[in-house]
Structure formats: C-alpha cells, structure tokens
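Biologist: I am new to this structure. Please take me to the packing of one helix pair, look at it closely, and then connect it to the rest of the chain.

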Amino acid sequence: MTGDRPILGILLMLGFCLLAPLGDAVAKLLGDSLPIVEVVFFRFGLQALVLIPLIWASGRAWRMSGRVLRLTFLRTLLHILGIAAMFTALRYLPLADAVAIAFVMPFFMLLLGHYFLHEVVGMRRFLACCVGFVGTLCVVQPSFVEVGWPALLPVGVAVNFALFMLVTRQIAKETDPIGLQAVSGVMAVALMAPLVLLLPVTGGAPLVAFTLGPYHWGLLAAIGLLGTFAHLLMTWSLRYAPSATLAPMQYLEIPIATLLGFLIFQELPDRLAAFGILLTVSAGLYIIWREQAMARRPRALPVEPPQAA
C-alpha cells in the first residue's frame, strides 16, 4: 500500500489534464480517415507494445489477484467504450464542446450515489446538480441542432468515465500503474481483434490503416502514446491522492481543450455554449467543495448516560 501524497497526486493529474485534451485533438485531426474500431484498436495496441517491453526490462510486477484481474477487465471494457464514444463525438463536435459536455460526470456520480447507494444529498447539492444540467443543456443544444444525436455522446462518456474512475480507485493502490496499463492494453487488443479482423468495415475492407500514408500513421502513433501516458499519470495520481482531492483539477481540461480547439481548428464556443460551460464548471466545483466540506465536518459524539452516584 502507498500512502497518500496529495501534492504529487495533483501534479500527476495536472499532467493528465494536459495530455488528454491533446490526444482528443489528435483524434479529431484524424477525422474520418479510419473507422473508429480501428483507431481504438491501434491506440490500445500501441499501449501494449510500449509497456510490455518496459515491464520485462524493469522487472515490474504485472501478476494480479483474481479480484483485481476481474476489475481490470471491467475497467478495460469501460475504457474501450469511453474512448470509442469520445472519438466518435469529436468527428461531429468542436473539441471544447465535447469535453465540456462530458463534465456532467460529477452530477451523475452524485445522483447515482443518492438513488442506488442511498447516500444523503442535501438541497444545496441537488440544486447545484440542476444548475449543472442546465449548463450542459446550453452546450448540447446548439450542437444537437447542428449535428443531431452525436451531440449526446459525451453524456455517455461522462457516465462511463465516472464508473471508470471508481473502478480505477478500487485497484490503484493494489497494482503497479505500468503493469495495469499493459495488461489493460493486451485485454483490449484481444477483445477488439475479432471486430477488426472478421467484421467488414468501410465497404468490406478490413485494416484500412495499412492503406494510409505516414501522416495518418503518425497521428495514430500520437493517439496511442498520448493516451497511454495520460492514463498512466491518472492512475498514478489516484494512487497518491483521493479522488475527491483530484476532482477539481480535472476541470482544467475544459480551458485547455478550448485553447487547443482555437489554435488547431479555429473553433470557439458560441455565447450560449460558453455560458453553459461556465455554469457547468461552477456547479461542478461547488459540488466538489461541498463534498469536501461535508467530509471535514466533525461527527457528533454519542452522549453517554449519566453515571449513578
């Protein structure tokens, strides 16, 4: 077990917040050049190719208990679905809008905890959820009018990532991050290989990637490397700091995505979307602050009955 080191955890999460939107931007640059299933397949394939030799060279532990292996399999499935949904959304939506919509995640976590885990949610946090949903709708609405149902994909990404973070936190202190990512990469390749090799894609031509040039291969390599190291940093951060401490840091992805969207694609959120982003971020940060304040509140001690004289 590794003790909590909050400053180190925050710095590692900051690295994740820088690399993750950059990987999304590269995926958006790839556009419609490849079927999504192949993009995700090569992203995890490169993860496995990079990390397996590193494990052998460094002698790191990669064996897992049955419980951790099962949770790693679940985490891998969530990871595949989340990346596929996000990469699909990026083909239709501006980068900042897609990232901002996905940050409805804290509201889902709060409501799911209330309805399924019977956690107490006060009126102020419930109202903050409502404000956050309104903000998300402000971001979704113009995109939905323009592109239709793909504008809702980042909402699915939010639910997926909430579950992904929960599972990661359950195993982060019991596994080596590099070993976890390597095993996850191998699992993802094994799960997706039948889809890539057996199913007809884009007119019945499998492995379209092999018909592309160096530019597209460079983008695929960048997606794989950025995704691999971003999630290593995220896993390390959860190893050293509680998720409640790290959650506010994740909102840095939105301004970083906005800057990248402007510099690379000349995209900026319109006024309604910008207002929605502000509402979503404000409500999310309030919920996180409120959660931390409730956690710090001292519990009332039981009153002992008076002793008989």
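Modeller: Start with helix H3, residues 66-90, and helix H7, residues 153-171. The two pack at an angle of about 155 degrees, and their axes lie 9 Å apart. This is a predicted model, so take each value as computed from that prediction. An angle over 145 degrees counts as roughly antiparallel. H3 and H7 are therefore roughly antiparallel to each other. Their crossing is left-handed. Now look at what fills the contact. By class, the contact of H3 with H7 has 15 nonpolar residues, seven polar ones and two charged ones.

Step back for a moment to see the setting. The chain has twelve helices and zero strands. Read along the sequence, the pattern is α-α-α-α-α-α-α-α-α-α-α-α. The chain holds 309 residues, and buried residues make up 50% of them. Next, consider contacts between residues with a separation of 6 or more. Residues 24 or more positions apart account for 90% of those contacts.

Follow the chain out of H7. Thr-175 lies in the loop between H7 and H8. Is Thr-175 buried or exposed? Its relative accessibility is 8%. Buried means under 20%, so Thr-175 counts as buried. The side chain of Thr-175 reaches back to the backbone oxygen of Ile-171, at 3.1 Å. Set aside residues up to four places away in sequence, and Thr-175 touches Val-68, Leu-180 and Arg-239. Val-68 falls within the residue range of H3. Leu-180 and Arg-239 lead to the next helix pair, for both take part in the contact of H8 with H9.

That pair is helix H8, residues 177-198, and helix H9, residues 214-240. Their axes come within 9 Å and cross at roughly 135 degrees. That angle makes H8 oblique to H9. The crossing is right-handed. From H8, the contact uses Pro-177, Ile-178, Leu-180 and Gln-181. From H9, it uses Thr-228, His-231, Leu-232, Thr-235, Trp-236 and Arg-239. These residues divide into five nonpolar, four polar and one charged.

Now go to the other end of H3. Its final residue number is 90, and Leu-90 brings in a partner from helix H1. That partner is Lys-28, found in H1, residues 6-30. The side chain of Lys-28 reaches the backbone oxygen of Leu-90 at 2.8 Å. Lys-28 is buried, with a relative accessible area of 15%. Which residues does Lys-28 contact, beyond its neighbours within four places in sequence? They are Leu-90, Leu-93, Pro-94, Leu-95, Phe-265 and Glu-267.

Two of those partners point onward. Leu-95 belongs to the contact that H4 makes with H11, and Phe-265 carries the number that ends H11. So look at that pair next. The axes of helix H4, residues 95-102, and H11 come within 8 Å and cross at roughly 165 degrees. That makes H4 roughly antiparallel to H11. H4 passes H11 in a right-handed crossing. On the H4 side, the contact is made by Leu-95, Ala-96, Val-99 and Ala-100. On the H11 side, it is made by Glu-253, Ile-254, Ala-257, Thr-258, Leu-260 and Gly-261. By class, there are seven nonpolar, two polar and one charged residues in the contact of H4 with H11.

Just past H11 comes a backbone detail. Gln-266 sits in the loop between helix H11, 253-265, and helix H12, 271-296. Its phi is near 55 degrees, a positive value in a residue other than glycine. Gln-266 counts as exposed, at 60% relative accessibility.

Finish back in H1. Leu-11 is found in that helix too. What is its state, buried or exposed? Leu-11 is exposed, with a relative accessible area of 53%, whereas Lys-28 of H1 is buried. Leu-11 also pairs with a distant point in the sequence. Leu-11 and Met-249 are 238 residues apart along the chain. In space, their C-alpha atoms are 9.3 Å apart.

Return to the pair you began with. H3 and H7 are roughly antiparallel, and their crossing is left-handed. Beside them in this tour, H4 and H11 cross in a right-handed way, and so do H8 and H9.

Technical notes
Residues are numbered from 1 along each chain as its sequence is written. This is a predicted model: local features need pLDDT of at least 70, side-chain atom pairs count only at pLDDT 80 or more; totals for chains, interfaces and linings use all residues. Side-chain values use heavy atoms; hydrogens and water are left out. Axes are lines fitted to C-alpha atoms, for helices over the stretch in contact, and angles run from 0 to 180 degrees between N-to-C directions. Helices (H or I, at least four residues) and strands (E, at least two) are DSSP runs, numbered from the N terminus. Angles under 35 degrees count as roughly parallel, over 145 as roughly antiparallel, 65 to 115 as roughly perpendicular and the rest as oblique. A crossing is left-handed if the near helix is turned anticlockwise from the far one by less than a right angle, and right-handed if clockwise. Contact means heavy atoms within 4.5 Å. Ala, Val, Leu, Ile, Met, Phe, Trp, Tyr, Cys and Pro count as nonpolar, Asp, Glu, Lys and Arg as charged, and the others, Gly among them, as polar. Buried means under 20% relative accessible area, exposed over 50%, partly exposed in between (1.4 Å probe, protein chains only). A polar contact is a pair of N or O atoms within 3.5 Å; within protein, one must be able to donate a hydrogen and the other to accept it, and residues adjacent in sequence count only if both atoms are side-chain atoms.
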